[in-house]
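Work through the following exercises with the sequence and the structure side by side, and try each task before you read its solution.

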Amino acid sequence: MSRQKTISKKNIPKNVLWTLEQLHNNGYEGFIVGGCVRDLIMKKNPHDWDITTNATPEQIIAIFEQTDRRVVYENNFGTVGIINKELEKDTPDYAIEITPYRSEGHYSDKRRPDTVSFSTHISEDLKRRDFTMNALAYDPFSETLIDKYEGIHDIENGVIRTVGNPDERFSEDALRMMRAVRFSAQLGFICETETLSSLRKNIPLMKHVSPERIRDEFLKLIDADYAVDGILLMQKITMLSLIVPELEEGINCDQGGAHIYDVFEHNLKSFEHAVNKSYSLHVKLAALFHDIGKPRSRRKANGRGTKEWTFYGHEVIGANMSRDIMKRLKFPKELSDKVEKLVRYHMFFSDPDAITLSAVRRMVANVGEEMIWDLMDLRTCDRIGTGRPKEKPYRLRKYHAMIEEVLRDPISVGMLKINGDIMIGEMGMKPGKRMGWILHALLEEVLEDPTKNTREYLEPRVRAFDELSDTELQELGEQAKHQKDILEQEEVKKLHRKHKV
Ligand code: ATP
Ligand code: MG
């Protein structure tokens, strides 16, 4: 079947076209195949390019070794990587993978085929691919689109459907179930009925899949546009109870008080805000996990105050649970450290009337300067996830201003391009009070005109001030210091005005 006009050649990088041409010029077939064809049809930019051919690995290697490309062969499925060193490493066509047409034998371990054999016909190769939308091949030179399984039709209808019988395909490789959910989260597609009921039925097979493969799919799902629907789908088909059962502890775990949602829904709504705001992966994960410790810490409030339940220490329990989940799923350490920290400290105290600068300083020290704004974003997610519409209420704005106050460099003589060491060591001055007065006098000049903050300007000024008597210099120095304190207070006031607090 062919629909020549669906894909435009100009959307295919020159490097990919060149690679196909080498195969063709040597008498072989060559098609772009799989995800990149799907993306082209959907008018998205493919992030990697796969080619399939009737040449064997040895024949592919022989062709490309004659060119200036680097040839990499280390894959027992016959894939040959062709690297174009002239391109930046992160361009999608820097490394193009060429795989010979392949048919797969029996799968006895639910993960990989027992035997792989090369085939002479493209249709054999498309048959082994997971979903109809991924079983498309295109040759831009003859404008031939091969769509044996109505993949285009399914893409147009936003449907995920296995190639062939879903029970068979999922039991061959159980990771395909997770791929189905991940694609639905990325593309906003729904699973076709038979595929969906097969998913529900075959989830237990996922225990044969390695945590690393699950992790890769799970992280792609978290970072996807329709990630919330993805988590809900996981829950619906019982996949969540296999991968992150801790999240399900929040289902029907009422919180009382101002909370209208149970813990599960609250975590999910907070996550939704993080997705909508395109926050970093670690903030999204922290939003999803932030209250995961609530069910295990929930206690009856016993009539104290107006609260029905208490959740003391849920952030500590939740941080530990998050760490265990991420360890189990083999998350990179850097990522899981960040998520754990955010979950641990999401409960910071922010009563605008009682908060002190030193409490804010401690919080910055806890999560680190580089994550303090992530923590604030998480706090907003938490708030929105409770169903309160205003993103930045007074108390968060006040906190925001206080963080900026803690982070900004104070106005001080430390800003000067000259200091006591230079004055003593290089200019031969004596240590003592006079030096402090001189530095303050210099600071006042520099605050007045920052371009004066150079060694060339300041050194002669030091010498000039040094001519003055103790009394004159003291008066000048103390006046300047007073002036600096006023300015410093002004700066802080400006910060508060900026945040309307
Ligand atoms: P992505 O956008 O994540 O790259 P993709 O569809 O390109 O999505 P890849 O993992 O790059 O996914 O795989 C390329 C192609 O290989 C797929 O489109 C599909 O045809 C085939 N494929 C990948 N993994 C499987 C699998 N587990 N079972 C069957 N076919 C697979
Ligand atoms: Mg791909």
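**Exercise 1: Two loop residues with positive phi**

Asparagine 252 is placed in the loop that runs between α12 (245–248) and α13 (263–276), where helices (H or I, at least four residues) and strands (E, at least two) are DSSP runs numbered from the N terminus. The model is predicted, so local features need pLDDT of at least 70 and side-chain atom pairs count only at pLDDT 80 or more, while totals for chains, interfaces and linings use all residues. Residues are numbered from 1 along each chain as its sequence is written, chains are lettered from A and ligands numbered from 1 in the order in which they are written, and side-chain values use heavy atoms, with hydrogens and water left out.

Task: find the phi of asparagine 252 and of serine 278, and decide whether each residue is buried or exposed.

Solution. Begin with asparagine 252, whose phi is near 65°, a positive value in a residue other than glycine. Its relative accessibility is 63%, so asparagine 252 counts as exposed; here buried means under 20% relative accessible area, exposed over 50%, and partly exposed in between, with a 1.4 Å probe and protein chains only. Next, serine 278 lies in the loop between α13 and α14 (281–289), and although serine 278 is not a glycine, its phi is positive, at about 50°. With 60% relative accessibility, serine 278 also counts as exposed.

**Exercise 2: A buried asparagine**

Task: locate asparagine 453 and state which backbone atom its side chain reaches.

Solution. Asparagine 453 is found in the loop between α22 (433–448) and α23 (455–466). Its relative accessible area is 16%, and therefore asparagine 453 is buried. Finally, follow the side chain of asparagine 453 to the backbone nitrogen of lysine 417, which it reaches at 2.8 Å.

**Exercise 3: The largest pocket**

Task: describe the lining of the largest pocket and explain where the pocket lies with respect to the domains.

Solution. The largest pocket has a volume of about 1,500 Å³ and a lining of 45 residues, with Asp50, Arg129, Asp130, Arg179 and Arg182 nearest its centre. Two or more lining residues come from each of α2 (35–41), β5 (95–100), β6 (102–104), α7 (175–187) and α9 (211–222), and α7 gives the largest share, seven residues. Because domain 1 (2–153) and domain 2 (158–243) both contribute to the lining, the largest pocket lies between them.

**Exercise 4: Contacts of ligand 1**

Task: list the closest residues around ligand 1, and then trace polar atoms that approach it.

Solution. Of the 16 residues that surround ligand 1, the closest are Arg38, His47, Asp173, Arg176 and Arg182, where a residue is near a molecule if one of its heavy atoms lies within 4 Å of it. A nitrogen atom of ligand 1 lies 2.9 Å from a polar side-chain atom of aspartate 173, and a nitrogen atom of ligand 1 is 3.2 Å from a polar backbone atom of aspartate 130. An oxygen atom of ligand 1, in turn, is 3.1 Å from an N or O atom in the side chain of arginine 179.

**Exercise 5: Helix α10**

Task: name the buried residues of helix α10 and look at what follows the helix.

Solution. In helix α10 (residues 227–236), the buried residues are Ala227, Val228, Gly230, Ile231, Leu233 and Met234. An α-helix has 3.6 residues a turn, so residues three or four places apart point the same way. Just after α10, threonine 238 takes a positive phi of about 65°.

Terms used
1 Å grid on protein atoms, 1.4 Å probe; cavity = no way out; pocket = protein on both sides within 12 Å on 5 of 7 lines; lining within 4 Å. Points joined across faces, edges and corners; volume = space filled by probe spheres on them. Domains from an automatic or database assignment. Polar contact = N/O pair within 3.5 Å; in protein donor to acceptor, adjacent residues only side chain to side chain.
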